[in-house]
Amino acid sequence: MSELTGLFVVKPESVTATKGKDITFVAKVDSSNLLRKPAMKWLKGKWLDLGSKAGKHLQFKETYDRNTKVYMFILIIKVVDGDAGGYRCEVTSKDKCDSCTFEVTVQEEQQDNILEAFKRSEKKQQVVQEEVDVWEILKAAKPCDYEKIAFEYGITDLRGMLKRLKKMKKVEPKKSDAFLRKLDSAYSVDKGKRIQLSVEVADPNAQVKWLKNGQEIKPSAKYVFESVGNKRTLTINKCNLSDDAAYECVVGEEKSFTEVFVKEPPVTITKLLDDVHTVVGEKVEFEVEVSEEGASVRWMKDGVELNRETAGSKYRFKKDGKRHILIINEATKEDIGMYYAFTNGGESKAELEVEDKELEVLQSIADLTVKSAEQAVFKCEVSDEKVTGKWFKDGVEVQPSDRIKMTHIGRIHKLTIDDVKASDAGDYTFVPDGYALSLSAKLNFLEIKIDYVPRQDPPKIHLDTSGTGNKNTITVVAGNKLRLDVEITGEPAPTVCWMKGDQVVAEAEGRVRVETRKTLSSFVIEGAEKPDEGHYSITVTNPAGEDKAELFIKIVDVPNPPENVKCTSVGEDSAMITWDPPAFDGGVPVKGYLMERKKVGSSRWTKLNFDVYESTTYEAKKMIEGVLYEMRVFAVNGIGISQPSTNSKPFMPIAPTSEPTRLMVDDVTDTTCALKWRPPEKIGAGGIDGYIIEYCKEGSDNWVQANEEPVGKNQYRVKGLPVGEKMLFRVVAVNIAGRSPPATLSQAVTIREIMENPKIRLPRHLRTKLISLVGEKVNLVIPFQGKPRPVVTWFKDGIPLEDKTVGTRTSEVDTILFIRSTERAHSGKYTLSVQIENMSDSADIHIQVVEKPGPPIAVHVTEVWGFNAALEWKPPKDDGNCDIIGYTIEKADMKTKEWFMVYEHNRRPSCTVSDLVMGNEYSFRVFSENICGLSDEPGISKNTAIITKTGLAYKPPPFKEKDISSSPKFTAPLVDRSVVAGYATAISCAVRGHPKPKIIWMKNNMIIGEDPKYLMQNKQGVLTLNIRKPSLFDGGRYSCRAINDLGQDEVQSRSWPGPGQVSLTAFNKAQHDKSPSPQP
């Protein structure tokens, strides 16, 4: 629990505020003893968090003083009537907290006489009269009298006065008959939390409905309804922004209203901005960290907002989880200022200071003393390669000529004067452009007059290598510059020769060169490289003698990257990584290594160690099982860190499986043992590559692996075992992570085959006759037992089975008989025999292949009497290889030829057909039936049965054909139509007549020909004229005429005078939409 401590330096105080004005509350918190930034909450009452209501009405600000380490939290309220009440602010930081309370009282703007505000501003002298209370008059008056009262008492702002009057009236709350306690006016809940809305009803048995924004809520996991006695509760789980709505509880006709506010926690700044001090041209990053990922952060500079539209290429904005970064690519003096980062729950600021980049002089120019006709070289080196400059002599700019040359190579500036003259003597100055800096040196001209024979001193090399460790050994870091100044003495001036091995180092421009002055010889290597390493010698000679010195220059560098980085083993959340030391250590012993890892597909590397790790084997931990990782390693020596090694092959942290389960012996012979088991209970992400089976003699620990490669199945037969020995067996699961713990048999197994008599276990459905249809497939699996493995033999009808269409296949425990497509020839008795030496067992299987029978033969009518007929027939020649179980008899009248069922399942080959119709002649047919069904073809009677009526003869009258010829006559007229232009239409009528009349369509008494715009149809006398996409031109009178040999007729129009005409009027769609339809 948080400890209540005094964190506040300044607490907010209670105030009395005027409505419409702004009030400010300030709270200051001392953070000098806090480990992290304190969190501030402003609350109204007991529960309403003001952080979710931020806006124009409520504003929150926050500042931080780095010197005093005091946070200042500010709350600004624009006062309204609802702001009156008690407030509380709470500050928390890890295990410490503090709180304080304050009150806000809201009052109206005071006026001496509030009624005067609503009256005219210009007043005339009034007669002193008795004071009248207009408020009481308005309260008692009817609304229709308000204007009259305002005019009488000089009130101009009647609307404002009535608003105030409405507030003054006290409205008594209506007493509810259904509710004992209604919902509160509003509720507030944090996002993701649970809230309960409860009411109390008068009737304990009353049913309530809960509504959200007017829609009924159905009970679910999110909305839970509870009813206990008179209390009704709605529980909303895991509130989100969609639950911020109006809710109602309905009992009968009465309702109770409330509003639920869902608060989103404000996004606060957890890591503040830091001030930045930099130089021109450098990259600047402002980084701020917020409390939630995906939050919006607004950047500003000196009150001006920075965004992607206005920033251009000057600024870049970067998001990385909770981190937000503002990047300034190349800082300039214009970027100096205060930068702000804003969220909806806080802000942070930092200052950027940009200074001009100082120019560093790496080598200044030196005074020179030269003789006539010699060469003078002034040289200096500055830190910036881009800097240009000018040379001056005695304050006058030096101009280049054939004798005077100025060069600028990289960071080196040179002034070369050939064939020096006395006039060249003076003060020379180099001034870099844009910098308040100058480098000066003096050129002295020396005139030599030889008036005497000079003294001769032997040359001497003064070489000091005392600070380089080993004697005469100089160590240089690769890429750095070596300048070795060697003092030389001797008279006359000796000649200097530098050599690397047998090669002379030339005095010329170049990366490796020699610079010689009178008493100083400088050996220079620009950007030392590994080939520069070796033995060097300096030899000085003059007429008085010679001196020589040798030295060794050693080039050291960062080491090469480590090699052969690989993963040798993995665990559930770890992996063992090994690598080889770098092939080249840089000339300095390797101190250790730094390791990094990343997920495959990601570009973000994670450091695994910050202190140098000396071994070449490392166990990487805290990884996720089943995720692919890559590793790389850096080598570290005294010079620095190498480039990263090549990435290791991807590897996946995987734990070995648990041991296999339910290991048991399945079979034992004289030299083999069959084992079976179940997969491990815990497999993990690596799966199972297979199983390894091992065995050893009882009492020995020398386990022998039975299989060279892991087996994928859950069973294995170990072969080549010694007869009679007691053996132990165990099984190990293998995957990429290695071997699992072994599953071992609890008892040893004696390797000796067990004798077992042969026995056939015939399935129950094969103990009776097996009936199959022709063409079906037969597949019989018959298990048997016996040890050693029995010899299996199949017989058909007592003869060994040799039919190639019948196949057999035998395993150690069963045999299979299969027929791909049965034929009737496959019927018979099949005998299975299993035999071990002189013991045997056999079983018979009867197979009957059947098909539909043929038709009955010799079907004939034997006798006809009255309304009856007797039939007889003979059984079919082909019974389908099974018994005939009945016959089906049908009859047919010779006039209609339609067949009707008479009998079915008739057992005997004869029957009597009754209830025949007098005067009709009948034919009969018979189908045979077996277990496969009716025969495909029937047997038809050779003769017929005629049912005659004795003594009566019917003489029908002669048939007289009726004349149905008639002239055409329209039975349905044409109807006027008004259509919209562009929409297909049709007009129809109906006609009758024989012979079929010829139809002629006319428009405005003109025959319509083969115009593709019109489609004329005649279906059973219904005539239709289809007009495709009519236009205004298609309007007119249409008529239809029908003509045959007996006459003609035209359709009559009821709406228009004249025979057979109809009006078709077309309108444009726009005109049709605006105007009423025309009347005919």
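In this predicted model, strand S7 supplies five residues to the lining of the second largest pocket, the largest share of that lining. The space in this pocket amounts to about 940 Å³, and among the 34 residues that line the second largest pocket, Glu62, Pro266, Thr268, Gly345 and Gly346 are the closest to its centre. Besides strand S7 (58-65), the elements that give two or more residues to the lining are strand S5 (39-44), strand S8 (70-78), strand S9 (85-93), strand S20 (269-271), strand S27 (337-343) and strand S28 (346-355). Sorted by class, the lining of the second largest pocket consists of 13 nonpolar, 11 polar and 10 charged residues.

Confidence should be kept in view when the model is read. The protein chain has a mean pLDDT of 83, with 89% of its residues at 70 or more, but in the two stretches tabulated here pLDDT stays under 50.

| Residues | pLDDT | Contacts beyond four places in sequence |
|---|---|---|
| Residues 111-131 | under 50 | 21 contacts |
| Residues 1054-1063 | under 50 | 35 contacts |

As to the cysteines, a search of the whole structure finds zero disulfides. For Cys932, the closest cysteine sulfur is that of Cys882, and no bond is assigned because the distance of 5.2 Å is too far for one. Cys1040 is likewise in no disulfide, the nearest cysteine sulfur being that of Cys989, 4.2 Å away, whereas the cut-off for a disulfide is within 2.5 Å. Cys1040 counts as buried because its relative accessibility is 0%.

Key:
Residues numbered from 1 in each chain as written. Predicted model: local features only at pLDDT ≥ 70, side-chain atom pairs only at ≥ 80, totals over all residues. Heavy atoms only, no water. pLDDT = per-residue confidence, 0-100. Contact = heavy atoms within 4.5 Å. 1 Å grid on protein atoms, 1.4 Å probe; cavity = no way out; pocket = protein on both sides within 12 Å on 5 of 7 lines; lining within 4 Å. Points joined across faces, edges and corners; volume = space filled by probe spheres on them. Helix = DSSP H or I, 4+ residues; strand = E, 2+ residues; numbered from the N terminus. Nonpolar A, V, L, I, M, F, W, Y, C, P; charged D, E, K, R; others polar. Buried < 20%, exposed > 50% of the residue type's maximum accessible area, 1.4 Å probe, protein only.
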